[in-house]
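Dear colleague,

I am handing over the structure that we talked about, and I would be glad if you could open it before you read on. My notes follow after it, in an order that you can trace on the screen.

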Amino acid sequence: DTSFKNLHVAILSSPGMGHLIPALVLANRLAAQHSVNVTVLLVTTAVSPPESKLLQIPLHRDLVRVVELPPVDISHLVVPTTQVVAQLCVMVREALPLIRSAIAAMDRRPDAVIADLFCTETAAIAAELGMAKYLYVPSTAWFTALTVYCQVLDREIEGQYVDQPEPLKIPGCKPVRPEDVVEPMLDRNELQHDEFGARNPTSFQENETLRSIIEIPVYPIGPLRRPVEPVDVKSDLLGWLDRQPNESVIFVSFGSGGVLSAEQITELAWGLELSQQRFVWVVRPPTKGSVDDAFFNLGTDFDGTPNYLPEGFIKRTQNKGLLIPMWAPQAQILSHQAVGGFMSHCGWNTTLESITSDLPIIAWPLYAEQRLNATFLAEEVGVALRPRVLPTKEVVKREEIESLVRRLMEHKEGQVMRDKVKKMKISAMEGLKNGGPSYKSMCELLSKIAVRKGNMNGLVG
Ligand code: UDP
């Protein structure tokens, strides 16, 4: 039976587009494929313009409801340099009473809570209110394994991970190169390292030992990719793309939070120009601090004038390129037939959007688990090129950028990767079909929740 219409599930999303989007996609999948009632609870300090736009898009009629919790004020708990992961954890912690009362006040108590990685502290609320609890990780199995195993690594390894001479060994999967660890593992002295360590599935399941880590049931339900929403047909962007030859444009974007240094922006502009390829580039002013500066600050203090680009760049590239300030309708751009390649930060939502749009990638990881994703794309599946240096460590020079863009867009190498991506997409889509592996996994999960609900009702009755 694929209908679970008696079930009500609450999905808890931490702030940020990269978290909100997969929460909404999961909600839609539960509703559309399995008839589940879903309430998405969004924790936030303030809703950014792209977030509020996204929330206006109609979700699955009747079955999905989005509740924006009242914004929490964390200004007294953080300083401007507090890192993103630590801020997210503090925000959710502050919002716990709001989450609890929102759930307690619901006419129909959810049967289960599905929380994202930063919302794991809601486990206590789930226990108190008698709901099943699950953790939602919209990223790779490799990332999940590293996250689960982080506690063990913390016990066994001394010193900084990034200084380890050998890759970090994790049972059952490829070792992780020290420089590829997720952002909160980069510096073990930072608050966000402790926050991250305390936030993995073992803490959510109240299990301690490695044995139980391995025994946590995992339901692989991906890939969860957002649908391409229609955009205004008369937009300049789509008009421009319509006039370009098929697969001739490279899309350049660094995700919801990514920002480059002033020097890197200059090199990138020159690299694109020298490559003589067509491009659409989502431009943001240079970072004043770290590479994820835009995460909590999307377009609030930027008037859109790209006055930080090399002199004459805009004029010289006016027939080849299009600049979009701050935020672009990425999923639509990627799926346009004129786009043939992607220079990307390799966030996981983005990666899925890229693969399902048949696009090979120039991997430019910046923060979160993006280095891990980039390594996976370049070395494991062979659909990405990478600069010789890590863009967070060194500036990638214009000559190398020119060559990467040409290799991706003009050379056979790019075409071979493009063909590979197309095959990957087909197998991913197979998994999602009714009866496919991801679909079955979801049914298995929902059956568990339904059986638990039945037992609870039996107890009450
Ligand atoms: N996105 C977008 N326009 C932009 C930048 C990002 O629509 O200008 C979307 C992108 O399509 C993706 C999400 O924001 O769905 C970003 O999530 P991802 O997991 O790729 O990484 P993040 O950037 O949040 O780390």
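Before the hairpin makes sense, one term is needed: two strands count as paired if DSSP finds at least two bridges between them. Please also keep in mind that this is a predicted model.

With that cut-off in hand, the hairpin is a good place to begin. Strand S6 (residues 168-170) and strand S7 (residues 173-176) run antiparallel and are joined by 2 bridges, so they reach the number that pairing requires. Within this pair, Ile 170 has Cys 173 of S7 as its bridge partner. The two strands form a hairpin with 2 residues between them, and Gly 172 in the turn has a positive phi of about 80°.

The model also holds two open sheets, which I describe in turn. One of them has 5 strands in the order S3-S2-S1-S4-S5, and its pairing is parallel. Strand S3 (64-68) and strand S5 (132-136) stand at the edges with a single partner strand each, so one side of each has no neighbour in the sheet. From one strand to the next, the twist of this sheet averages 20°. If you look at the S3 edge, you will find that strand S2 (residues 37-42) runs parallel to S3 and is joined to it by 5 bridges, with Val 38 standing opposite Val 64 in S3. In the loop between helix H2 (49-56) and S3 lies Asp 62, whose phi is near 70°, a positive value in a residue other than glycine.

The other open sheet has 6 strands in the order S10-S9-S8-S11-S12-S13, again with parallel pairing. Its edge strands are strand S10 (321-325) and strand S13 (384-385), each of which pairs on one side only. Strand S9 (residues 278-283) pairs with S10 in the parallel sense over 5 bridges, and Phe 279 has Gly 321 in S10 as its bridge partner.

Next come two helices that pack against each other. How are H10 and H15 oriented to each other? Helix H10 (residues 262-275) and helix H15 (residues 398-409) pack at an angle of about 45°, with their axes 7 Å apart, and they are therefore oblique to each other. The crossing of H10 and H15 is right-handed. On the H10 side the contact includes Glu 267, Leu 268 and Trp 270, while on the H15 side it includes Arg 398, Ile 401 and Glu 402. Taken together, the residues of this contact divide into 6 nonpolar, 2 polar and 4 charged.

There is also a ligand in the model, and which residues come nearest to it? Of the 20 residues around the ligand, the nearest are Gly 18, Gly 255, Gly 347, Asn 349 and Thr 350. Helix H1 (17-34), helix H12 (330-335) and helix H13 (348-356) each supply at least two residues of this shell, and the largest share, 4 residues, comes from H13. By type, the shell divides into 8 nonpolar, 10 polar and 2 charged residues.

One last detail concerns the backbone: the peptide bond from Gly 222 to Pro 223 is cis, with omega near -5°, and Pro 223 is found in the loop between helix H8 (210-215) and helix H9 (236-242).

With best wishes

Note on methods. Residues are numbered from 1 along each chain as its sequence is written. This is a predicted model: local features need pLDDT of at least 70, side-chain atom pairs count only at pLDDT 80 or more; totals for chains, interfaces and linings use all residues. Axes are lines fitted to C-alpha atoms, for helices over the stretch in contact, and angles run from 0 to 180 degrees between N-to-C directions. Angles under 35 degrees count as roughly parallel, over 145 as roughly antiparallel, 65 to 115 as roughly perpendicular and the rest as oblique. A crossing is left-handed if the near helix is turned anticlockwise from the far one by less than a right angle, and right-handed if clockwise. Two residues are in contact if their C-beta atoms, placed from the backbone, lie within 7 Å. Ala, Val, Leu, Ile, Met, Phe, Trp, Tyr, Cys and Pro count as nonpolar, Asp, Glu, Lys and Arg as charged, and the others, Gly among them, as polar. A residue is near a molecule or strand if its C-beta atom, placed from the backbone, lies within 6 Å of it.
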